[in-house]
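Here are my notes on the model you sent over. I went through the helix packing, the aromatic rings and one charged pair, and jotted things down as numbered points.

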Amino acid sequence: MPDRNHPTFGPADRPTPTITLASVFFLGALLFVAAEIASFVVVAGQIGFLWALAILIVVSALGPFVVRRVGIGVLVHTQERLARGEVPTRELLDGLVVLLGGVLICVPGFIGDTLGLLLMIGPVRRLVIRTAGRRLARRVQTLRIGTWRATGPRFRAVGDDPLPPSGPPTMLGPGDDSGS
């Protein structure tokens with residue numbers, strides 16, 4: 001006879017599994033490592049184990065020099081924009097993508113090296129930034145920060161009435177009250 005104080009779970013009472021960001025990151029890292037190992041096996045099968053290992057070592061050793069050269073170029077553009085009094089938004093995003101590419105290059109593996117070296121090419125870097133920006137803009141429709149909600153370009157407190165639609169400005173004619 002079951003104890004009446006001990007809850008029993010039926011099919012409808014089972015907790016639903018939740019997917020956390022950490023588990024997605026962990027699974028993605030495992031898949032990336034598996035793909036790197038598989039690519040090394042394929043390349044080593046084609047050119048030989050020692051040649052494949054030598055290529056990985058050389059690219060991983062020369063990678064920081066490539067990253068430094070590209071990074072200095074991005075830094076120079078950033079300083080030029082700052083000297084003109086402009087906000088270097090594009091250059092900061094370029095620097096972030098160069099940093100990501102540098103990490104990919106420095107970690108041994110053919111896939112990471114290829115992606116990292118591709119991110120060092122300016123047009124590829126700008127394409128990645130533009131594509132990621134568009135995807136992020138589509139996914140982030142409403143953002144809640146504390147008691148504020150951002151929907152598109154408008155900000156309002158949660159619970160406030162919606163902002164009135166903005167129409168064309170009204171023109172005042174001669175003799176109309178200017179509101180002053």
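1. A cut-off before anything else: a residue is called buried when its relative accessible area is under 20%, exposed when over 50%, and partly exposed in between. Phe40 comes out at 17% relative accessibility, so Phe40 counts as buried. Phe49 sits at 49%, so Phe49 counts as partly exposed. Keep in mind that this is a predicted model.

2. On the overall layout: the protein has five helices and three strands. Going along the sequence, the order is α-α-α-α-α-β-β-β, so the helices are written before the strands in that pattern. Of the 180 residues, 20% count as buried. If you take the contacts with a separation of 6 or more, 42% of them come from residues 24 or more positions apart.

3. Now the packing of H1 on H4. The axes of helix H1 (residues 21-47) and helix H4 (residues 110-119) come within 7 Å and cross at roughly 100 degrees. That crossing angle makes H1 roughly perpendicular to H4. On the H1 side the contact is made by Phe32, Ala35, Glu36, Ser39, Phe40 and Val43, and on the H4 side by Phe110, Ile111 and Gly112. Sorted by class, this contact has six nonpolar, two polar and one charged residues.

4. Which residues of H4 are buried? They are Phe110, Gly112, Asp113, Gly116 and Leu119. The cover over these buried residues includes H1, H2, helix H3 (89-106) and helix H5 (122-139).

5. The aromatic rings deserve their own point. In general, a pair of aromatic rings is described by the distance of the centres and the angle of the planes. The structure holds two aromatic pairs. In one of them, the ring centres of Phe40 and Phe49 are 5.7 Å apart and the planes stand at 90 degrees, so this pair is edge-to-face. Phe40 also pairs with Phe110, and here the rings are stacked, with 6.2 Å centre to centre and 15 degrees between the planes. This stacked pair links distant parts of the chain, since Phe40 belongs to helix H1 and Phe110 to helix H4, 70 residues apart. Both Phe40 and Phe110 are buried. Taken together, Phe40, Phe49 and Phe110 form one aromatic cluster.

6. There is another helix crossing to look at, H3 with H5. Their axes come within 10 Å and cross at roughly 105 degrees, which means H3 is roughly perpendicular to H5. From H3 the contact uses Leu93, Asp94, Val97 and Val98, and from H5 it uses Arg125, Arg126 and Ile129. By class, the count is four nonpolar, no polar and three charged residues.

7. Next, Arg81. This residue lies in helix H2 (residues 49-83). What does Arg81 touch, not counting residues up to four places away in sequence? The list is Glu86, Val87, Pro88 and Glu91. With Glu86 there is also a polar contact of 2.7 Å between the side chains.

8. Finally, Glu91, the residue in helix H3 that Arg81 touches. Buried or exposed? Glu91 is buried, with a relative accessible area of 4%. Leaving aside residues up to four places away in sequence, Glu91 touches Val74, His77, Thr78 and Arg81. The C-alpha atoms of Arg81 and Glu91 are separated by 8.7 Å, and the two residues are 10 residues apart along the chain.

Note on methods
Residues are numbered from 1 along each chain as its sequence is written. This is a predicted model: local features need pLDDT of at least 70, side-chain atom pairs count only at pLDDT 80 or more; totals for chains, interfaces and linings use all residues. Side-chain values use heavy atoms; hydrogens and water are left out. Helices (H or I, at least four residues) and strands (E, at least two) are DSSP runs, numbered from the N terminus. A polar contact is a pair of N or O atoms within 3.5 Å; within protein, one must be able to donate a hydrogen and the other to accept it, and residues adjacent in sequence count only if both atoms are side-chain atoms. Contact means heavy atoms within 4.5 Å. Axes are lines fitted to C-alpha atoms, for helices over the stretch in contact, and angles run from 0 to 180 degrees between N-to-C directions. Angles under 35 degrees count as roughly parallel, over 145 as roughly antiparallel, 65 to 115 as roughly perpendicular and the rest as oblique. Ala, Val, Leu, Ile, Met, Phe, Trp, Tyr, Cys and Pro count as nonpolar, Asp, Glu, Lys and Arg as charged, and the others, Gly among them, as polar. Buried means under 20% relative accessible area, exposed over 50%, partly exposed in between (1.4 Å probe, protein chains only). Rings of Phe, Tyr and Trp (its six-membered ring) pair if their centres lie within 6.5 Å; planes under 30 degrees apart count as stacked, over 60 as edge-to-face and the rest as tilted.
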